[in-house]
Amino acid sequence: MPGAPNTAGQPQPGRPAAKGGRKSPGVFARLAELYADMERAYAETAHATGLTCADCEDNCCRTHFQHHTHVEWAYLWKGMLALSESRRAEYLRRAHDVVAQCEAARAAGVVPRVMCPVNDDGLCGLYAHRLMICRMHGTRNVLLRPDGQRQVFRGCHRFCGLTDGQPDEAVPTLDRTPFYRRLAELEMEHCAKGAGKGSAPRVSPRVSLTLAEMLVYGPPKP
């Protein structure tokens, strides 16, 4: 599983309040449930091919991922704010360095390859709050877009090596589509709540940020 931690029946989104007057889980609780479902699906797909991240020479924590939801950005900061002040300050210092290095690489026409600022000697310092792509990257997966187009992601180089020569239909494949749909619902709910009671529904600007940028910019504005 990408990004190992550095510490030793799934409800569906939009469900009604539970009987007895109890409130349904909030957005962050349902995002955590969604993340758990993603991890199970990833683990099953990886296990089917024998894929592991152990001793991989091409650490995906150096990959230049961009992330696109306010709800994940806010949840990442929920994890940041639970850290000690000194540790949070260290991650923010690293994040500023990473952003500067990435800007320099792009200016030189090079795709950035810089270690994630919350990576501690190969272990993720915000493992429980890491973003969706950190949980899904590695195996072959597909996505059915709203326009009906089917996108196929071949998987990391190690996955491709393990499945090389297999018929396409025989390669274990993770379908991202239901997870993306649930995440989109949570994003809409999260952004709608940020508008406040009595306010007109707002359309939040599209997010396209690296994890380091999410840290440097601070928590998303409500």
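## A walk through the chain, starting at α3

Among the elements that cover the buried residues of α3 are α2, β1 (119-120) and α7. That makes α3 a handy place to begin a tour of this structure, which is a predicted model. The buried residues of α3 are R88, Y91, A95, V98, V99, C102 and A105, so you can pick them out along the helix and look across at what lies over them. The helix itself has 23 residues, and its first and last C-alpha atoms lie 33 Å apart, close to the 33 Å expected at 1.5 Å a residue. After α3 comes G109, a residue with a positive phi, near 75°.

Now step back to see the whole chain. It holds seven helices and five strands. Reading from the N terminus, the order of the elements is α-α-α-β-β-α-β-β-α-β-α-α. Of the 222 residues in the chain, 41% are buried. The exposed surface comes to about 12500 Å², and carbon and sulfur atoms supply 56% of that area.

What lies inside? In soluble globular proteins, nonpolar side chains tend to be buried together. In this model, the largest nonpolar core has 46 residues, and L31, V118 and L215 are the ones with the most contacts inside it. Six helices each supply at least two residues of this core: α1 (27-49), α2 (70-81), α3 (85-107), α4 (132-136), α6 (177-194) and α7 (211-217). The largest share, eight residues, is the contribution of α1.

L215 is a good residue to click on if you want to see the core from within. Setting aside neighbours within four places in sequence, L215 is in contact with L76, W77, M80, Y91, L92, A95, P117 and V118. Two of these partners, Y91 and A95, also belong to the buried residues of α3.

From L215 you can move on to α2. This helix has 12 residues and spans 16 Å from first C-alpha to last, close to the 16 Å expected at 1.5 Å a residue. How much of α2 is covered? Most of it, as 10 of its 12 residues are buried. Those residues are H70, V71, E72, W73, A74, Y75, L76, W77, G79 and M80. L76, W77 and M80 should look familiar, as they are among the contacts of L215.

T69 sits in the loop between α1 and α2. Is T69 buried or exposed? Its relative accessible area is 10%, which is under the 20% limit, so T69 counts as buried. The T69 side chain makes a polar contact, at 3.2 Å, with the side chain of E72, and E72 is itself one of the buried residues of α2. Leaving out neighbours within four places in sequence, T69 also touches L183, E187, V207 and M214.

The same loop, between α1 and α2, holds D55. Here the picture is one of exposure: D55 has a relative accessible area of 76%, over the 50% limit, and is therefore exposed. Its backbone also deserves a look. Most residues other than glycine have a negative phi. D55 has a positive phi, near 60°, and is not a glycine.

D121 is another such residue, with a positive phi of about 55° although it is not a glycine. You will find D121 in the loop between β1 and β2. With a relative accessibility of 84%, D121 counts as exposed.

Just past that loop, L123 lies in strand β2 (residues 123-124). L123 is partly exposed, because its relative accessible area of 34% falls between the 20% and 50% limits. Try finding C61 from there: L123 and C61 are 62 residues apart in sequence, and their C-alpha atoms are 9.6 Å apart in space.

The last stop is the sheet. Three strands form an open sheet in the order β4-β3-β5, and the pairing is mixed. Which strands lie at the edges? They are β4 (150-153) and β5 (174-175), each pairing on one side only. Strand β3 (residues 141-144) runs parallel to β5, and two bridges join them. To locate this pairing on screen, look for N141, which stands opposite L174 in β5.

Note on methods:
Residues numbered from 1 in each chain as written. Predicted model: local features only at pLDDT ≥ 70, side-chain atom pairs only at ≥ 80, totals over all residues. Heavy atoms only, no water. Core = buried A, V, L, I, M, F, W, Y, C linked by side-chain atoms within 4.5 Å. Buried < 20%, exposed > 50% of the residue type's maximum accessible area, 1.4 Å probe, protein only. Helix = DSSP H or I, 4+ residues; strand = E, 2+ residues; numbered from the N terminus. Contact = heavy atoms within 4.5 Å. Expected span 1.5 Å × (residues − 1). Polar contact = N/O pair within 3.5 Å; in protein donor to acceptor, adjacent residues only side chain to side chain. Areas by Shrake-Rupley, 256 points an atom, 1.4 Å probe, with all protein chains shown as cover. Pairing = 2+ DSSP bridges.
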